[in-house]
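Below is a set of questions about how certain labels are earned in a structure, each answered by setting a value against its cut-off.

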Amino acid sequence: MATEQEPMTPPEQPGETPSPSQVPEADEQAAALDEMRDRWRRALADLDNLRKRHAKELERVRAEERARTAGAWLPVLDNLERALAHSDSDPSAVLKGVEAVRDQAVEVLRGLGYPRYEETGVPFDPTRHEVVGVVDTPDAEPNTVAQVVSPGYGADGKQLRPAFVVVSKRQE
């Protein structure tokens with residue numbers, strides 16, 4: 001019984017070379033993987049460069065703002081030095097000079113976005129005031145600012161410092 005058999009191809013074993021029809025697909029996948037790895041590395045490098053550029057820009061902006069703020073205070077310092085130079089003059093003139101310098105400093109703070117506030121008789125506001133004392137004042141409404149110990153600076157959520165105040169208490 002002789003039958004004609006087709007030659008059998010042995011099953012592929014690991015380590016054998018793939019058939020020619022499989023090689024281009026594997027090469028395409030490897031090339032695509034290499035391209036993705038390259039794009040990933042470039043994206044990481046771009047991100048690192050962006051971080052470095054941002055850090056440099058932030059430092060430059062900070063330095064400019066510090067210089068602008070310091071420059072705004074220079075006239076105040078100049079006027080304080082002038083007041084000290086006239087310390088042997090009439091005390092009332094020196095006092096007027098110091099008051100003028102204080103007003104100039106308040107104006108600098110206002111220009112930087114921190115206006116001064118020191119109102120009395122207004123309702124106590126915990127976002128703008130810090131209580132340093134309580135007083136029983138018969139002619140004042142309860143929970144109102146009776147006295148400002150130190151003025152506050154700032155407005156509209158930009159507060160440099162709250163006002164330190166004495167508040168009237170409830171009368172019983």
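Q: How many aromatic pairs does the structure hold?
A: In this predicted model, the structure holds zero aromatic pairs. A pair would need two ring centres within 6.5 Å.

Q: What makes Arg128 count as a charge over the ring of Tyr117?
A: The cut-off asks for CZ of Arg within 6 Å of the ring centre and within 35 degrees of the ring normal. Arg128 lies over the face of Tyr117 at 3.9 Å from the ring centre, and 3.9 Å is within the 6 Å limit, so the distance condition is met. Lys158 likewise lies over the face of Tyr114, at 5.8 Å from the ring centre, which is also within 6 Å.

Q: Why is Asp125 called partly exposed?
A: Asp125 has a relative accessible area of 26%, and because the partly exposed class runs between 20% and 50%, that value places Asp125 there. Asp125 is found in the loop between β1 (116–117) and β2 (129–135).

Q: How do you know that Asp125 and Thr127 make a polar contact?
A: Their side chains are joined at 2.7 Å, and the limit for a pair of N or O atoms is 3.5 Å, so the distance qualifies.

Q: What makes β2 and β3 edge strands?
A: Three strands form an open sheet of mixed pairing, in the order β2-β6-β3. Within this order β2 and β3 (145–150) each have a single partner strand, so one side of each is left without a neighbour in the sheet. Neighbouring strands are turned by 30° against each other on average, direction ignored.

Q: How do you know that β2 and β6 are paired?
A: Pairing requires at least two bridges, and six bridges join β2 to β6 (residues 163–168), with the two strands running parallel. As one example, the bridge partner of Val131 in β6 is Val165.

Q: Which residues make up the largest nonpolar core?
A: This core has six residues, namely Tyr117, Val145, Val148, Ala163, Val165 and Val167. β6 gives the most to this core, with three residues.

Q: Why is Asp156 called exposed, whereas Asn143 is called partly exposed?
A: Asp156, in the loop between β4 (152–155) and β5 (158–161), has a relative accessible area of 79%, which is over 50%, so it counts as exposed. Asn143, in the loop between β2 and β3, is at 36%, between 20% and 50%, and therefore counts as partly exposed.

Q: What is noted about the phi of Asn143 and of Asp156?
A: Most residues other than glycine have a negative phi. Asn143, although not a glycine, has a positive phi of about 60°, and Asp156, also not a glycine, has a positive phi of about 50°.

Conventions: Residues are numbered from 1 along each chain as its sequence is written. This is a predicted model: local features need pLDDT of at least 70, side-chain atom pairs count only at pLDDT 80 or more; totals for chains, interfaces and linings use all residues. Side-chain values use heavy atoms; hydrogens and water are left out. Rings of Phe, Tyr and Trp (its six-membered ring) pair if their centres lie within 6.5 Å; planes under 30 degrees apart count as stacked, over 60 as edge-to-face and the rest as tilted. Helices (H or I, at least four residues) and strands (E, at least two) are DSSP runs, numbered from the N terminus. Buried means under 20% relative accessible area, exposed over 50%, partly exposed in between (1.4 Å probe, protein chains only). A polar contact is a pair of N or O atoms within 3.5 Å; within protein, one must be able to donate a hydrogen and the other to accept it, and residues adjacent in sequence count only if both atoms are side-chain atoms. Axes are lines fitted to C-alpha atoms, for helices over the stretch in contact, and angles run from 0 to 180 degrees between N-to-C directions. A nonpolar core is a set of buried Ala, Val, Leu, Ile, Met, Phe, Trp, Tyr and Cys residues joined through side-chain atoms within 4.5 Å.
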